[in-house]
Amino acid sequence: MTKGFSMLSQPLMDWQNTGDFFDYQQHRIFYKTSGAGSPLLLIHGFPSASWDWQPMWAALSAKFRLITADMLGFGLSDKPKYFDYTIAAQADLYEMLLSIQGVETAHILAHDYGDTVAQELLARHNLGQLSFHIESVTFLNGGLFPETHRPLLVQKLLMSPVGGWIARLMTKQKLMANFQRICSSKMTCDDIALLWELLTHHEGRAVMPKLICYMKERKQFRSRWVGALQETDVPLHLIDGLIDPISGAHLVERFRELVPNGCVSELAGIGHYPQVEAPEEVCQAFQSALAEAASLSTSK
């Protein structure tokens with residue numbers, strides 16, 4: 001058995017076997033596609049992976065051509081210890097994937113860390129520097145505005161000089177305790193077990209202190225990424241689990257203040273992972289917002 005290899009559970013083996021890998025900067029990236037119709041790019045969050053979309057996969061693939069990937073450092077993809085894990089690098093990864101898939105236009109559905117990647121893609125789109133056209137962007141809970149992002153203590157510690165020690169001391173039980181703080185009771189022990197398996201695959205804990213630096217980037221590039229939301233004509237939609245202490249009801253308030261033209265769907269009693277906690281509600285809100293945006297576009 002090679003170093004960093006771990007036997008996957010059957011659900012993740014099935015997920016991997018219906019996907020594939022492509023090379024990005026000499027690293028293997030797991031990706032998965034399914035369905036027909038308008039392309040929909042799904043961008044996951046931290047510290048999880050594309051598996052987050054599994055509860056919505058069948059419903060969405062019935063209407064869209066789904067494209068997703070585990071970003072570098074996440075899930076089933078490679079997790080090089082000496083890579084510079086920037087948001088720009090992850091955005092480049094998705095541009096390459098969509099180019100490989102021959103996609104020229106796509107909707108985006110993003111969550112958490114993926115929200116920031118989507119903001120970078122949107123900024124490129126607004127400047128005419130993106131290799132594909134964005135039809136719409138839907139955000140789930142995430143740090144769209146650094147001033148309203150309320151990270152957990154463990155996230156702050158991972159970003160500190162002791163981040164390496166904190167990552168090594170992380171256990172499945174500690175992960176579960178943190179998720180219990182940010183999610184509703186609909187997030188099960190099985191959900192946490194799969195997230196832990198994906199996190200530790202390929203020695204993933206070792207790169208967590210590097211990945212978490214996206215929180216610093218959000219402050220550094222606030223003007224570019226918040227400006228991308230305010231300066232675009234692309235339809236924007238926020239679906240937010242309101243009881244999330246990281247980016248719940250307070251994010252909705254700030255979004256309405258800074259992005260008054262955006263559409264908002266509020267999910268009462270749902271926390272930080274709406275796509276896992278309330279997949280049917282998220283699907284309904286997502287498709288309703290797209291239909292409304294299409295109707296408004298036709299009426300102009």
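In this predicted model, Asp 92 is partly exposed, with a relative accessible area of 35%. Its salt-bridge partner is Arg 124, and the closest N and O atoms of the two are 2.8 Å apart. Asp 92 belongs to helix α3 and Arg 124 to helix α4, so this pair ties together parts that are 32 residues apart in sequence. In contrast to the partly exposed Asp 92, Arg 124 is buried, with a relative accessible area of 9%.

Arg 124 also meets the side chain of Glu 120 in a salt bridge, at 2.7 Å from N to O. Here both residues sit in helix α4, four residues apart, or about one turn of the helix. Glu 120 counts as buried because its relative accessibility is 6%, under the 20% limit. Another acidic residue, Glu 95, lies in helix α3 and is likewise counted as buried, at 12% relative accessibility. Beyond its neighbours within four places in sequence, Glu 95 is in contact with Leu 121, Arg 124, Gln 129, Leu 130, Ser 131 and Phe 132.

Turning to a further pair, the side chains of Glu 147 and Arg 222 form a salt bridge with an N to O distance of 2.8 Å. This pair links distant parts of the chain, 75 residues apart: Glu 147 is in the loop between β6 and α5, while Arg 222 is in helix α11. Both partners are partly exposed, Glu 147 at 39% relative accessibility and Arg 222 with a relative accessible area of 28%. Through shared partners, salt bridges join Asp 92, Glu 95, Glu 120, Arg 124 and Arg 224 into one network. The structure holds nine salt bridges in total.

Helix α11 (residues 222-230) has Trp 225, Val 226, Gly 227, Ala 228 and Leu 229 as buried residues. The elements they pack against are α3, α4 (113-126), β6 (133-139), α10 (214-220), β7 (236-241) and α12 (249-258).

The nonpolar interior comes next. In the largest nonpolar core, which has 74 residues, the members touching the most others are Ile 43, Ile 108 and Leu 121. Helix α3 (residues 87-100) gives the largest share of this core, seven residues. Apart from this core lies another, of 28 residues, including Trp 53, Met 56, Leu 198 and Ala 278. Outside its neighbours within four places in sequence, Ile 43 has contacts that include Trp 53, Met 71, Tyr 94, Ile 108, Val 117 and Leu 121.

Leu 198 is also one of the buried residues of helix α8, together with Asp 191, Ile 192, Leu 194, Leu 195, Trp 196, Glu 197 and Leu 199. These buried residues pack against α1 (10-17), α7 (172-182), α9 (208-211) and α13 (274-277). At 1.5 Å a residue, the 12 residues of α8 (residues 189-200) should span 16 Å, which agrees with the 16 Å between the end C-alpha atoms. Just after α8, His 202 takes a positive phi of about 55°.

At the surface, Leu 153, Leu 157, Val 162, Trp 165 and Leu 169 make a nonpolar patch of about 520 Å². Helices α5 (153-158) and α6 (163-169) each supply at least two of the patch residues. Leu 157, in helix α5, is partly exposed at a relative accessible area of 31%.

Notes. Residues numbered from 1 in each chain as written. Predicted model: local features only at pLDDT ≥ 70, side-chain atom pairs only at ≥ 80, totals over all residues. Heavy atoms only, no water. Patch = residues over 30% accessible without salt bridge, like charges linked within 9 Å, V, L, I, M, F, W, Y side chains within 5 Å. Areas by Shrake-Rupley, 256 points an atom, 1.4 Å probe, with all protein chains shown as cover. Salt bridge = Lys/Arg side-chain N within 4 Å of Asp/Glu carboxyl O. Buried < 20%, exposed > 50% of the residue type's maximum accessible area, 1.4 Å probe, protein only. Core = buried A, V, L, I, M, F, W, Y, C linked by side-chain atoms within 4.5 Å. Contact = heavy atoms within 4.5 Å. Expected span 1.5 Å × (residues − 1).
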